[in-house]
Amino acid sequence: MRLLINKIVLFLSTLAAVLGLIFLFWILITLTIKGVSALSIHLFTNDLVNNGLRNLFIGQFILALIAVILGVPIGMAAGIYLQEYSFNNKFASFIRNLSDVMMSAPSIVIGTFVYAIVVNPVGHMNGWAGAIALAILMLPIVVRTTDDMLGLVPKELREAGVAIGAPKYKVIFNIIIKAAKVGIMTGLLLAFARIIGETAPLLFTSGNSQYFTLNLNQEFPSLTVAIYTLATMPDKHLVEIAWAGAFILTVFVLIINLLGRYITKEKK
Amino acid sequence: MNKVMDIKNFYFTYAKAPKPSLKNINLPIYENKVTALIGPSGCGKSTLLRSLNRIHDLYPGNKYEGEVLLKDLKTEEMENILEYKKENELINLRQRVGMIFQKPTPFPMSIYDNISYGLKLMGKKNKSELEDKVEEALKDAALWEEVKDRLKDDARGLSGGQQQRLCIARAIAVEPEVLLMDEPTSALDPISTIAIEELVAKLKDRVTIAIVTHNMQQASRISDYTAFMYLGELIEYGSTEQIFLNPKEKRTADYIAGKFG
C-alpha cells in the first residue's frame, strides 16, 4: 500500500514537472522559430521608422543603464545601512518589510506611480520617467541583495578590520564589501536582467519612439514597449519584427542570467 | 617588572543582560610576558580579552565599569582606556593593542595588501618603506619564506595555519604594545599550532601577549602568568608554574586536573 502511494505521488509530481516544462519549451521553441526566421542584419542597422530595431535596443539599454546608475547607489546605501549600521532596530525591520513588499508590487503600479509624480507634472512622457520607474523597480532587489550578501560576511572579519585600527566606514568599504563582492555583483546582474525585460513600467512613462534619440526629455525608444505595440499591428511584417525583438531580448536576458550563475560558480 | 596593562575592579555587562558577565576582575598584564587566560567555556575569558581593545564597542549597549589601564609609551603613565570616547582614541587604542581571532581572518585582498593595510591606516605611504615593513612583519611571523614569491596572490588562498600567521604578521606590522590572542590555535592542525606557539615565544621580546586558550598544555607551555577564570570571576592568578604545580584554590586545582571544564 505504501509502495503504491509512493508510486502515485512520484507519478503526479513528475507529471506536474513535465507539464510545466512543456509550456516553457513551447514558449521557447515558438519564440526561437518565429524569432530566428524574422532575424536579419537589417534589424540591427535600422531604426523602427525603417522597420529596424536599432534605436530600440539602444534606447532600452540606456533606460536600464540610467536605472542602474540611479537605483544601485541608493539601494546599496540602504542595504549597507540595514546590515552595518541599524543593529536590527525597529526602523530597520520596518524598512526591510517595506522593501520586501515593494519587491512584489506589480510593475504596472510603479509605472502608474511614476506617471503621477513625473509624467503628469512635466506634461508629457519622457525617458527620465521610464528610467526612474525602472530604478524604483530594481531598488528593493538591490537593497535585499546587498543586505543579504553583507550579512553572509562573518562578523569576525568586521572585528578584525576594527582591531587593526580601521574606522568603521573603511572596514565596510575596504573589507566587507570586497568580501561580499561576488554575491552583490550577481545580485546586481540579476536585477539588471529583471528590469531590462520590463514593459509595464515604461508603457506610460517613457513611451516609445520611432527614431534614434539620446534626448531623455522626450519619449524614448524602448524595445519592450515596441514589441507590445508591434505585436498588435495588423501588418504581418511588423508582427514578425516583434517576434525577432522578443527573441533577441530573451537571449540577452538568458546570457545575463547565465553570466550571473557563472560568476557565482567561479567563486566556489 | 612593569605592568603594561592593569585591570582594576572591572565589570562588564552585555547589552540587555540582567547581570554582569565579568565581576570584579583585578589582573595585571606584565610587559614582555605572556599571560594566559584559562577556564571552562562561558567563564568570561574571551569577554575579558575583548574588553582590552574595546572591540565590544562594535555592538551597542555593552557596558564597562571599573578601570582598564594602559601604559602611555611617552609619559609612562597609566591611562584608563574605558574613558576613551572619540573614534580617534579607539582607533589609536587598537593600533596599540592588536588582536588575533580564533578563526583566521585574512582580508579579501592580496597577501601584501593584508599586511600593509594597517600601516597605510597609520598614514605610511612611502612605497619602499611599506615594502620593507611588510617583509619584516612576514619574517617575524615566520611566513616570509612560504609567501615571498606570491605576495600579490589572494590571502584567502593560503592554508589555515598560514592565514593565522598572516594575521599575526598583519597585527605586528603596526608595532602594537600588546597583542591579544583569542584561542588562536583552536581551529588549526597540530603542526600549525606548534608554529604559532613558537611564534608567541619569539614575539614576546617585542610585544606583550595576552592569550585565551582552552588547551591547558598550551597555557603551561607558552605562558609566564596564568589567570584562571570561572563564572565571570577571576579565581586565581599567578605565575604559570605556581598555578599549574601549586594552585591555592581548589577550583583551580580541579580544573587543571580535568575534573570539570
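**Helix packing, chain contacts and core of the predicted two-chain model**

The axes of H3(B) and H4(B) approach within 9 Å and cross at roughly 110°. Helices H3(B) and H4(B) are therefore roughly perpendicular to each other, since angles of 65 to 115 degrees fall into that class. The crossing of this pair, H3(B) and H4(B), is right-handed. On the H3(B) side, the packing involves Tyr112(B), Ile115(B), Ser116(B) and Leu119(B), which meet Leu130(B), Lys133(B), Val134(B), Ala137(B) and Leu138(B) of H4(B). As in the remainder of this account, the description refers to a predicted model.

Helix H4 of chain B, residues 127-140, also packs against helix H6 of chain B, residues 160-173. The axes of these two helices come within 8 Å, with a crossing angle of roughly 130°. H4(B) and H6(B) are therefore oblique to each other, as the angle lies outside the range of 65 to 115 degrees and is not over 145. The crossing of H4(B) and H6(B) is right-handed. Residues Lys133(B), Val134(B), Ala137(B), Leu138(B) and Asp140(B) of H4(B) are in contact here with Ala169(B), Ile172(B) and Ala173(B) of H6(B). Among the H4(B) residues, Lys133(B), Val134(B), Ala137(B) and Leu138(B) meet H3(B) and also meet H6(B).

Chain B as a whole contains ten helices and ten strands. Its C-alpha trace spans about 55 × 40 × 35 Å along the principal axes. For 261 residues, a compact globule would be expected to have a radius of gyration near 18 Å, and the value for chain B, 18 Å, agrees with this. Buried residues account for 44% of the 261 residues of chain B. Among the contacts in chain B with a separation of 6 or more, 68% join residues 24 or more positions apart.

Chain A, by contrast, has twelve helices and zero strands. Along the sequence, the chain A pattern reads α-α-α-α-α-α-α-α-α-α-α-α. The C-alpha atoms of chain A fill a box of roughly 70 × 70 × 35 Å, taken along the principal axes. Of the 268 residues in chain A, 39% are buried. Residues 24 or more positions apart provide 75% of the chain A contacts with a separation of 6 or more. One pair of residues distant in the chain A sequence is Ala77(A) and Leu139(A), which are 62 residues apart in sequence and 11 Å apart in space, C-alpha to C-alpha. Ala77(A) belongs to helix H3 of chain A and counts as partly exposed, because 13 C-beta neighbours lie inside 10 Å.

The two chains touch one another through 21 residues of chain B and 15 residues of chain A. On the side of chain B that touches chain A, helix H2 (87-96), strand S6 (97-100) and helix H3 (111-121) each supply at least two residues. The greatest contribution to this side of chain B comes from H2(B), with four residues. Helix H3(B) thus appears both on the side that touches chain A and in the packing against H4(B).

The largest nonpolar core comprises 138 residues, of which Leu134(A), Met138(A), Ala169(B) and Ile172(B) touch the most other members. Helix H6 of chain A, residues 127-152, gives the most to this core, with 16 residues. Leu134(A) touches Leu63(A), Ala64(A), Ala67(A), Ile195(A), Glu198(A) and Pro201(A), when residues up to four places away in sequence are not counted. In chain B, the core residues Ala169(B) and Ile172(B) are also among the H6(B) residues that meet H4(B).

Backbone geometry was examined at two asparagines. Most residues other than glycine have a negative phi. Asn88(A), however, has a positive phi near 50°. Asn88(A) is placed in the loop between helix H3 (54-85) and helix H4 (90-103) of chain A, and it counts as exposed because it has 10 C-beta neighbours inside 10 Å. Asn32(B) likewise has a positive phi, of about 55°, although it is not a glycine. The position of Asn32(B) is in the loop between strand S2 (22-30) and strand S3 (34-38) of chain B. With 16 other C-beta atoms within 10 Å, Asn32(B) is partly exposed.

Methods
Residues numbered from 1 in each chain as written. Chains lettered and ligands numbered in written order. Predicted model: local features only at pLDDT ≥ 70, side-chain atom pairs only at ≥ 80, totals over all residues. Core = buried A, V, L, I, M, F, W, Y, C linked by C-beta atoms within 7 Å. Buried ≥ 20, exposed ≤ 12 C-beta atoms within 10 Å, placed from the backbone. Contact = placed C-beta atoms within 7 Å. Rg over C-alpha atoms; globule rule 2.2 N^0.38 Å. Axes fitted to C-alpha atoms, helices over the stretch in contact; angles between N-to-C directions. Parallel < 35°, antiparallel > 145°, perpendicular 65-115°, else oblique. Left-handed = near helix turned anticlockwise from the far one by under 90°.
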